[in-house]
Amino acid sequence: MTEPLRPGATIGILGGGQLGRMLSVAASRLGFQCHIYEPGAAPPAGHVAAQVTTAPYEDLAALRAFAQSVDVITYEFENVPTASLDALEALRPIRPNRRALAVSQERVAEKDFLTGLGLQTAPYARVTDLAALEQALERIGTPAILKTTRLGYDGKGQARIMTSEDAPAAWEAMAGAEAVLEGFIDFSHEVSVIAARGLDGSVACYDPGENVHRAGILHTTTLPARLSPGQRTDAVLIAARILNALDYVGVMGVELFVTPQGLIVNEIAPRVHNSGHWTQAGCAVDQFEQHIRAIAGWPLGDGSRYADVVMENLIGSDVDRVPGLSRERNCQIHLYGKSEVKQGRKMGHVNRVIRGLT
Ligand SMILES: Nc1ncnc2c1ncn2[C@@H]1O[C@H](COP(=O)(O)OP(=O)(O)O)[C@@H](O)[C@H]1O
Ligand SMILES: [Mg+2]
């Protein structure tokens, strides 16, 4: 498919969480229908999509039927098994492409790719047993962080190593999974760039946001970020470099550490990103519409920001604050329709428009 997708066409989304939900809302505003593929029952995206398939990611027959019912396939969940992707790709285009998925599914492949582009990452080493961990610690030093190479999110699958005595417990915490040891970066703050690349290769980046995490989970994103003009340019150049190298189509989140030695890439996410939710209140074309535009072969919005915004996640019982938040002026509320409140679960977010650009 090289022609722009016409309104009325169907977009298939792998994963039915809040990102799939907000993608589906954006797609419907552009006149598209969405078909959600999600293993879990009653997914948040199901409330706002035309069709839902409930089946495991390994069910090739269900995947084929899903692919046949859509015009293009995208995802909010990047850990779909390779054989399933093969089955889908034989029938319909997957955007962003397979390479973007492969690179971001595995932390060592991701760091190899980034350093191969000449970008800075934390020093790292693959770790497959305790002896390898002890060896890696000798080279990288402490403090350090051990992370599972796959399936980590919201700080899960990570162990801090303050001294070499912590090594056995950290390795235990990986529960037998392959891991990567990363040197601890002494950053002043964290920022992220939400960037998009269209089917024609054009790139549009949003202004970098400044991220604060609590207990490993994103708490707030603030615009503008504290960055010098030079750092802001660097952040955008880094993101564009990554997108071009992957021949990427869609929106990507690029997480960066700010240090006196420059910007260090923490990780990339081949999808819309929690730290890009502020664009819903700060930009004419938000990250969700931008992603749908990109994968549908439409022209991109330019990413201009029209207001200062603070995004705050509503995690677990934070959602009880909604009645109070609803009385605040200029506070845009997004709830994900999750019935069960759990500790650490993302229930919604708010975007506070602080003021227009001055
Ligand atoms: N090498 C590191 N040095 C310092 N802090 C780190 C490092 N790696 C991760 N962190 C901290 O932990 C957070 C979560 O780690 P990250 O690798 O982004 O995993 P996740 O996939 O859970 O988002 C980061 O945003 C950062 O605050
Ligand atoms: Mg992260």
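A residue counts as buried when its relative accessible area is under 20%, as exposed when it is over 50%, and as partly exposed in between. The structure described here is a predicted model, and these classes are applied to it below.

**Magnesium site**

The magnesium ion (ligand 2) has protein donors from Glu255 (OE), Glu255 (OE) and Glu267 (OE), at 2.0 to 2.7 Å from the ion. The pair links distant parts of the chain, with Glu255 and Glu267 lying 12 residues apart. Glu255 belongs to strand E13 (residues 250–259) and Glu267 to strand E14 (residues 262–269). Their accessibility falls on either side of the cut-off: Glu255 has a relative accessible area of 13% and is therefore buried, since the limit is 20%. Glu267, at 22%, is partly exposed because this value lies between 20% and 50%.

| Residue | Strand | Relative accessible area | Class |
|---|---|---|---|
| Glu255 | E13 (residues 250–259) | 13% | buried |
| Glu267 | E14 (residues 262–269) | 22% | partly exposed |

**Helix H4**

Strand E14 also takes part in covering the buried residues of helix H4, and the cover further includes strand E4 (72–75), helix H3 (82–89) and helix H5 (107–116). H4 spans residues 98–105. Six of its eight residues are buried, so the helix is largely enclosed by the rest of the structure. The buried residues are Arg98, Ala100, Leu101, Val103, Ser104 and Gln105.

**Chain and domains**

The chain contains 11 helices and 17 strands. It is divided into domain 1 (10–94), domain 2 (123–183) and domain 3 (189–356). The centres of domain 1 and domain 2, taken over C-alpha atoms, are 34 Å apart. An unreviewed UniProt entry carries the annotation "domain: ATP-grasp" for residues 111–296. Within that span, 29% is helix and 33% is strand, and its end C-alpha atoms are separated by 30 Å.

**Overall dimensions and packing**

For 358 residues, a compact globule would have a radius of gyration near 21 Å; the value for this chain is 20 Å, which agrees. Along the principal axes, the C-alpha atoms fill a box of roughly 60 × 55 × 40 Å. Buried residues account for 56% of the 358 residues. Of the contacts between residues at least 6 apart in sequence, 61% join residues at least 24 apart. The accessible surface of the chain is about 15100 Å², and carbon and sulfur atoms contribute 50% of this area.

Terms used. Residues are numbered from 1 along each chain as its sequence is written. Chains are lettered from A and ligands numbered from 1 in the order in which they are written. This is a predicted model: local features need pLDDT of at least 70, side-chain atom pairs count only at pLDDT 80 or more; totals for chains, interfaces and linings use all residues. Side-chain values use heavy atoms; hydrogens and water are left out. Donors are N, O and S atoms within 2.8 Å of the metal (3.2 Å for Na, K and Ca); water is not among the atoms, so sites may look incomplete. Helices (H or I, at least four residues) and strands (E, at least two) are DSSP runs, numbered from the N terminus. Buried means under 20% relative accessible area, exposed over 50%, partly exposed in between (1.4 Å probe, protein chains only). Domain bounds come from an automatic or database domain assignment. UniProt positions are given in the numbering used here, feature names are shortened, and annotations may be inferred rather than shown by experiment. The radius of gyration is taken over C-alpha atoms; the globule rule is 2.2 Å times the number of residues to the power 0.38. Contact means heavy atoms within 4.5 Å. Accessible areas come from the Shrake-Rupley method with a 1.4 Å probe; for residues, only the protein chains shown count as cover.
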